[in-house]
Structure formats: structure tokens, C-alpha cells
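I open a fresh page for this structure. My notes follow in the order in which I looked things up.

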Amino acid sequence: MRTLQGTPASPGIAIGPVRVLSSQQRSKPLPAGERVPAQELARLRAAQKQAEKEIQEIYERACTEVGEGDSVIFQIHILMLQDEGFQQMIRKSIVEDHASAEYAVWSAGRKLYQMFSNMEDEYMRARSEDMLDISRRLLMCLNRQTPSLDFQGNYLMTPAVLCLTQAVPSQIIRTNHSQVLALVTQYGSSTSHSAILARGMGKPAVVGLGEHFKDLPRGEGQVIVDGTKGVVIVNPTPETLEKYTRIMSAESSRRADLAAFKGMKTMSADGVRIHLLANINSMAEIQMALENDAEGAGLVRSEFLYSPDHCPTEEEQYQQYSQMLAQMGGRRVIVRTLDLDSNTSYSYLDQEQEANPAMGLRSVRLCLRHRDLFRTQIRALLRASVYGRLGILVPFVNDGEMFRQIRMWIQSLAEELKREGKEISEAVSIGVMVETPAAALQAHELAREADFFNIGTNDLTQFTLAVDRENRQLKSLYNPSHPAVKRLIAYAARAAHEAGIPVCVSGEAASDYSMLRFFLRAGIQYLSAPPPYILELRREIGRLKVRGKGNGGQ
Ligand code: PEP
Ligand code: MG
């Protein structure tokens, strides 16, 4: 047994085998540019034959086990595999782009998968899963190394602790969440986006294992991940396993007790009302927000819709936003416009390497540079607005003038849509993220332009204290309750009150119980936190007395 110390990033305990993905592993087979088409076509033919043979064997086995009727799907799989449209797409990419057979199969399969997924007809939509299945088999027949990949990205065949060297959110987002027991990373800190994602998924996480990462067992062997203490126990003794199993069952009964707080208003012991919203990092979290009784979605990080190799079209985004709004059934949904930076490379953006991506061409700066990208997102959002109560949140703005221009431009896109005969809601609100010291100091000016404030304490802390939120060496210096940060929060909240607009806090500090009294005293009316935290926040707030002595929260 060995105990590896990292940084606690998402509470809870998980026990299971390890699946290590290195940052070099991509969520798709590499295009491998200059392949010889004739060779790749020959490989493809052999793999195709092998895949058909395997599916035929499965069909025959299924016929004897479940009967012919239920097995007919495997015959359909063979027909889909032989489909001329699918085959042509694969051959085209091999012959014209000199792509590897793996890449050609992957990209053709993914296109068809997405096409089926977006179909109205339920039966046709369900074919996307078949497309996934047959493409995965063809990929496996081409190269036995690829079964861990699918169109969503990393695919875990069985439940496992997902271990990543780099904290790459797109890798996590594209992993099939149901099989992820916990998350462990070599680099990153508790406010890096991978930690935020783990909290949203309700999975335990330990980040920043550093050099201990190499001691994780590959292949056989089990680990205990204790996300509350920030440790990973490798090959635990039977006594330790027993101890942690007991803690896990106590934890699940504690969670069950929290169900009693569903349906209640969130109010301090002395009657100060606050609204609890959910931070959303994937479609699955909408359901989690509802299950945890969120009063709305306070921060939808729309980046999850953008993968490194595929930029979602207006139609694709429209579908997703409409679904989100409809699912939230009249509760407010605040979607933050795209906040990407050059830390991850996106095939559809011409990105330069930057020394400081967090302060670089990111977020709304990037959107203003890539107007088409921004336009596509705003049009999709406005079109979807008729399905619920939408708020559009603009991140990384420093002053009123910049926000005013973006707002006017959004309004011009609304006019354009109306001219096209598209219906849009008249009640879309447009707010600003206060996440730089400049924005906080310009709060009065911003409050005159914006419909609401959303204070992003993660970035506000990083930039106020000049402490990189991703740097695990600085974790003791990264402190959202530093007086300087609190002073900026209180100042921005006061400006919002004076202008009569609502103010929400959505950074990780929103679920830091030690900051609740401060937030309530500062007059924050909304807290937006990962869904698994909402009921516990309600209980904690109910125990607090916030009136009385105090100076507006500082
Ligand atoms: C923040 O900066 O506090 C925030 C909520 O956004 P993100 O963590 O995505 O930067
Ligand atoms: Mg931010």
C-alpha cells in the first residue's frame, strides 16, 4: 500500500482500477497526413471484411441466445457498414486527403453519427448509436489500439478512475461519465477547469499529484481516491479498504438526508433570502441541476459544445440550447458566451502560441476576432430563446464601452433574425461577468449597461492577487477570501444594487461555506454552484445568522 498526496479538488471517495490517459492520446485517430492511398484502401478492405465477419458471428450467437427477431439489428449493422454513402466518404478522405484509414473511418463515422443524432425522428436518432458501434468496430479491426476512442472522445469500457497527465477539460467532457469513478491529474489545481468539471459531475477528484503520478498502478491494481483529503491510496490493504467502504456508506446516507431540503426556499436563519443556481458544464448536468433543486442555471459554460476538431454549427447549437431551456422549464438559464483560450488548440481557429493564455486572446476577445464564430453562437442562442428564460452572459469584459458595443451588436443580430422571420423572445437579458479587477472597479459604469452581474471569483482571484489559478505551487496563495478580492466583490455588488440589477457569484467560492456569510452580507442575491453542492448549501445557509454587526461584507 502507498499513499500519494495531491490537492483535494472534488470531495468524496471512489475505489476502483485505474485508467491512465496521457495528454498525447488524442480523442480521435491522428490524420497522419501523407499516407499512401493504395495501402490505406487495402487496409480498409481487410478491416471491412473482418468487421463484417465479427458482426455476423455476433448475429448468429444472438439468434440462439435471444431469438432471430431481437438479433436483426446486427444484420442492419452489416448493411450500414456496407452502405455506399459511408464507404464513399471514407474512400474520399483516403484518396483526396491522403488520410490514414483510421482517420477516414473516424471522421466519416462521426459525421454520420452527428447527422443521425440531430434527426427529428426518434427511430432515426437512435441509429446514431449503431453508427457509433459499427465505426468503433471498424476502427478496432484496423488497429486494436483504438477501442478506447469514440466520437465523444475517450471511451472507458468499464468503470475506472480516470487519470490524466494534463488537466484537459475537453478530454473529460468527452469521456463517458457514467464509467468515470473519480478523476486524478498530474498537473492542475483545485480551480483548474478539470477540477471544476469533476465537481459538476459529482465525482471525487485529486489534482496535482506531480511526480507521484508515475506511481499509479497501470493494468492490475486498485486505488482509493479520497477527494476530500486529496490523497490516492495505491493497492490498499484489506483494513484500509474496509475503512473507506464504511466512509462511503456514511457519505451516501448523508447525501440521502439532504433530500429533505428539496422544495425548500433558501434562507438564512435570520430570514435573508438567496437563490441557488447551478453551474452547468455538460448537457448531463442539466438533469443533475433539476434533481438537486436548482432554481435555474446561473452559468452554462458553453465551451463544452466546442471540441478541438469540431465547431458546432448554428443548427447544432440551436438544438442544444433549446433542449437546455426546455428542460429547465421556465427557470432562468444563463449561457456564457464562448470562453476559449490558446491552452487547447482548436482546428478551426488560427491560434498563436501565447506566453500567457489566461491573459491572451481568449474569451470575448477571441470571439470579437472570430466574428463568424461569435455570430453563430449568438444567433443560435437568440433563436433558442423562445423555449425558456434565457440570459446571455458576456465574459472577460473590462469596461462599459466594450460591453455596450457587444450589446448593440447582439441587438443587431436579433433584428437580423426578425427580418428573416425567426421568432425570438423579447425577454432575453444580457449580463456581464465581473472577473477582472478592471471590471470590478468599473462596476458602476458596467451596471448602467448590463441587465445583471455575474461575479466570477475564480478569475477575479487570479488576476487580483496575480496568482495563476492553474499553478499547484501557488495553491496556498490562491485565496478568494483575501481582503482585496472581497473588497472588489463587495464594491461590484454595491454598484449592482445602486443600479437595481441582480448580482450572482458563480466561481468556486460560491460553494465555499466559509464565504457564505460574507456573500449574504454583501447582498449577493444568487449563488451558482456545481449541482451536487446545492442542497448542502441550502442547509448551511439555513444555519447562518447574517444580520447584525457587519460592514457590507468586508
Ligand atoms: C470564474 O472565472 O470565476 C468563472 C466562473 O469562470 P471560469 O471558472 O470558467 O473561468
Ligand atoms: Mg472565468
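**Entry 1: the open sheet.** I keep in mind that this is a predicted model. I began with strand β1 and asked how it joins β10. β1 and β10 (residues 231-234) run antiparallel, and four bridges join them. I picked out one pair: Q5 has V231 in β10 as its bridge partner.

Next I asked which sheet these strands belong to. I found an open sheet of eight strands, in the order β1-β10-β9-β3-β6-β7-β8-β2. Its pairing is mixed. Which strands sit at the edges? I noted β1 (2-5) and β2 (7-10), each of which pairs on one side only. I also looked up the twist, which averages 35 degrees from one strand to the next. I add a general reminder for reading any such sheet: side chains in a regular strand alternate between its two faces.

**Entry 2: the barrel.** I then turned to a second set of strands. Here eight strands close into a barrel, and the pairing is parallel. I wrote down the order as β11-β12-β13-β14-β15-β16-β17-β18. On average, neighbouring strands of this sheet are turned by 25 degrees against each other, direction ignored.

I wanted to see how the ring closes, so to speak, and looked at β18. Strand β11 (residues 275-280) runs parallel to β18, and four bridges join the two. In that pairing I found L277 opposite S528 in β18.

How many bridges pair β17 with β18? I found two, again in the parallel sense, between β17 (residues 503-505) and β18 (residues 526-529). I noted V505 opposite L527 in β18. C504 stands opposite Y526 in β18.

**Entry 3: cavities.** I searched for enclosed space next. The structure holds four cavities of 30 Å³ or more. The largest cavity has about 80 Å³ of space. Which residues are closest to its centre? Of the 15 residues in its lining, I listed R301, R336, E435, N458 and R469 as the closest.

I then asked which elements supply the lining. β12 (296-301) and α16 (457-465) are the elements that give two or more residues to it. The largest share comes from α16, with three residues. By class, I counted seven charged, six polar and two nonpolar residues in this lining.

**Entry 4: cysteines.** How many disulfides are there? The count comes to zero. I checked C63: it is in no disulfide, and the nearest cysteine sulfur, that of C141, is 20 Å away. C141 is likewise in no disulfide, with the sulfur of C63 as the nearest at 20 Å. The cut-off for a disulfide is a pair of cysteine sulfur atoms within 2.5 Å, so a distance of 20 Å does not meet it.

Are these two residues buried or exposed? C63 is partly exposed, with a relative accessible area of 21%. C141 counts as buried, at 16% relative accessibility. The cut-off matters here: buried means under 20% relative accessible area, so C141 falls under it and C63 does not.

**Entry 5: one helix residue.** I closed with D97. Where is it found? D97 is in helix α3 (residues 84-97). Its relative accessible area is 52%, so I put D97 down as exposed. I also looked up how D97 lies with respect to I489. The two are 392 residues apart in sequence. In space, D97 and I489 are 53 Å apart, C-alpha to C-alpha.

Note on methods. Residues numbered from 1 in each chain as written. Chains lettered and ligands numbered in written order. Predicted model: local features only at pLDDT ≥ 70, side-chain atom pairs only at ≥ 80, totals over all residues. Heavy atoms only, no water. Buried < 20%, exposed > 50% of the residue type's maximum accessible area, 1.4 Å probe, protein only. 1 Å grid on protein atoms, 1.4 Å probe; cavity = no way out; pocket = protein on both sides within 12 Å on 5 of 7 lines; lining within 4 Å. Points joined across faces, edges and corners; volume = space filled by probe spheres on them. Nonpolar A, V, L, I, M, F, W, Y, C, P; charged D, E, K, R; others polar. Pairing = 2+ DSSP bridges. Axes fitted to C-alpha atoms, helices over the stretch in contact; angles between N-to-C directions.
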